[in-house]
Amino acid sequence: MTKRIRFMASSAEAAAKLNHPSPAKNHVPGWYKAATRFMGGTMKVTDYGTINKDIKLCIPFLDAMTSGYVVELPADLLVERTRDGASFYWHETPQIIEFRDKNMATTLPRPSGHDQDLYAWLMHWATILPSGYSALFVHPLNRFDLPFTTTNGIVDADGYSTGGQVPFFLRKDFAGIIPAGTPIIQIIPFKRHDWKSELLDYDDDVIKRNMYAVTRFIVGGYAKLFWNKKRYE
């Protein structure tokens with residue numbers, strides 16, 4: 001059964017000007033599209049006795065990038081560097097970012113290679129989910145190429161739905177323009193359940209059967225047997 005995620009602008013200005021969050025599958029980066037299924041372009045056996053599989057044969061990697069919905073940077077964001085740190089400039093309203101107090105979250109470890117200062121994306125879209133569902137807000141998955149790192153959070157968006165702010169850190173070696181349309185936040189809806197962990201005894205037969213089920217195919221065993229297509233429209 002298809003569930004609905006609804007997005008509503010947090011202001012009339014945002015509704016008139018900004019692109020609403022859209023399926024993450026529409027934001028696959030150029031570097032992934034240029035990647036290959038096999039290193040060197042042609043399938044062969046390597047010197048290690050394995051197939052020369054490359055990143056495009058990893059279904060879980062792509063699944064992560066294409067799950068849920070993406071919030072875009074609404075306008076070009078110019079980052080300049082001064083003695084006092086980063087400064088930001090953009091032409092249009094509404095506001096894109098806000099500065100956080102320098103004394104905020106001082107015990108939170110900064111991502112390696114990022115400024116100490118904490119900023120926040122201004123989220124101009126409310127996320128509204130069906131009863132029993134929550135939304136995971138994360139840095140766009142596997143997007144290590146972006147010059148910032150967005151922090152992660154979960155919102156029970158079946159009962160609380162606003163725009164709000166999502167904190168991020170800026171890479172300290174970056175100056176220049178972050179283009180409009182750059183993914184800044186990924187939103188992944190999920191159903192809430194209570195969970196309890198359980199430890200199973202090691203079963204060699206189970207492990208071997210599962211391994212053989214996949215490895216009897218030269219490539220694509222997981223996709224053929226176990227993968228379930230996810231649809232986000």
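Ala-105 sits in the loop between strand 6 and strand 7, and in this predicted model its backbone does something a little unusual. Its phi is positive, about 55°, although Ala-105 is not a glycine. Most residues other than glycine have a negative phi, and most peptide bonds are trans. As for cover, Ala-105 is partly exposed, with a relative accessible area of 32%.

There's a second residue of this kind further along the chain. Asn-142, in the loop between strand 9 and strand 10, has a positive phi near 65° and isn't a glycine either. Asn-142 counts as buried, at 18% relative accessibility, because the cut-off for that label is under 20%. Peptide bonds offer an exception too: the one from Thr-93 to Pro-94 is cis, with omega near 10°. You'll find Pro-94 in the loop between strand 5 (85–89) and strand 6.

Now follow the chain from the Ala-105 loop into strand 7, residues 119–122. Tyr-119 and Trp-121 point one way from this strand, while Ala-120 and Leu-122 point the other way, and all of them are buried. Strand 7 pairs with strand 6 (residues 97–99), running antiparallel to it over three bridges; Glu-98 stands opposite Ala-120 there. Strand 7 also runs antiparallel to strand 12 (residues 165–170), this time joined by four bridges. In that pairing, Tyr-119 has Phe-168 as its bridge partner.

Phe-168 and Trp-121 turn up again if you look around Phe-148, since both are among the residues that Phe-148 touches. Phe-148 lies in strand 10 (residues 148–150). Is Phe-148 buried or exposed? It is buried, with a relative accessible area of 1%. Leaving aside residues up to four places away in sequence, its contacts also include His-114, His-139, Phe-169, Leu-170, Ile-178 and Ile-184. Gly-113 is 35 residues away from Phe-148 in sequence, yet the two C-alpha atoms are 9.9 Å apart.

Next, the open sheet. Five strands make it up, in the order 2-3-14-9-11, with antiparallel pairing. Strand 2 and strand 11 (153–155) are at the edges with a single partner strand each, so one side of each has no neighbour in the sheet. At the strand 11 end, the partner is strand 9 (residues 133–138), and the two pair antiparallel over three bridges. Ala-135 stands opposite Val-155 in strand 11.

Strand 14 of this sheet also helps to cover helix 3, as does helix 2 (30–33). Which residues of helix 3 (residues 59–66) are buried? They are Phe-61, Asp-63, Met-65 and Thr-66. After helix 3 comes Gly-68, with a positive phi near 80°.

So much for the packing; what about the empty space? Rolling a probe the size of a water molecule over the atoms shows where empty space is left. The largest pocket holds about 480 Å³. Of the 21 residues that line it, the closest to its centre are Lys-3, Arg-4, Tyr-69, Arg-231 and Tyr-232. Strand 1 (6–9), strand 2 (22–23) and strand 14 (183–191) each supply at least two lining residues, and strand 14 gives the most, with three. By class, the pocket lining has 12 nonpolar, three polar and six charged residues.

There is also enclosed space to find. A search of the whole structure turns up one cavity of 30 Å³ or more, and the largest cavity contains about 80 Å³ of space. Met-65 from helix 3 is one of the residues that line the cavity, along with others including Ala-24, His-27, Val-70, Leu-141, Arg-143, Pro-183 and Gln-186. The cavity lining divides into eight nonpolar, two polar and one charged.

Stepping back to the whole protein, you have five helices and 14 strands. The C-alpha atoms fill a box of roughly 60 × 45 × 35 Å along the principal axes. Of the 233 residues, 35% are buried. Among contacts with a separation of 6 or more, 71% come from residues 24 or more positions apart. The accessible surface comes to about 15,000 Å², and 55% of that belongs to carbon and sulfur atoms.

Conventions. Residues numbered from 1 in each chain as written. Predicted model: local features only at pLDDT ≥ 70, side-chain atom pairs only at ≥ 80, totals over all residues. Heavy atoms only, no water. 1 Å grid on protein atoms, 1.4 Å probe; cavity = no way out; pocket = protein on both sides within 12 Å on 5 of 7 lines; lining within 4 Å. Points joined across faces, edges and corners; volume = space filled by probe spheres on them. Nonpolar A, V, L, I, M, F, W, Y, C, P; charged D, E, K, R; others polar. Pairing = 2+ DSSP bridges. Buried < 20%, exposed > 50% of the residue type's maximum accessible area, 1.4 Å probe, protein only. Contact = heavy atoms within 4.5 Å. Areas by Shrake-Rupley, 256 points an atom, 1.4 Å probe, with all protein chains shown as cover.
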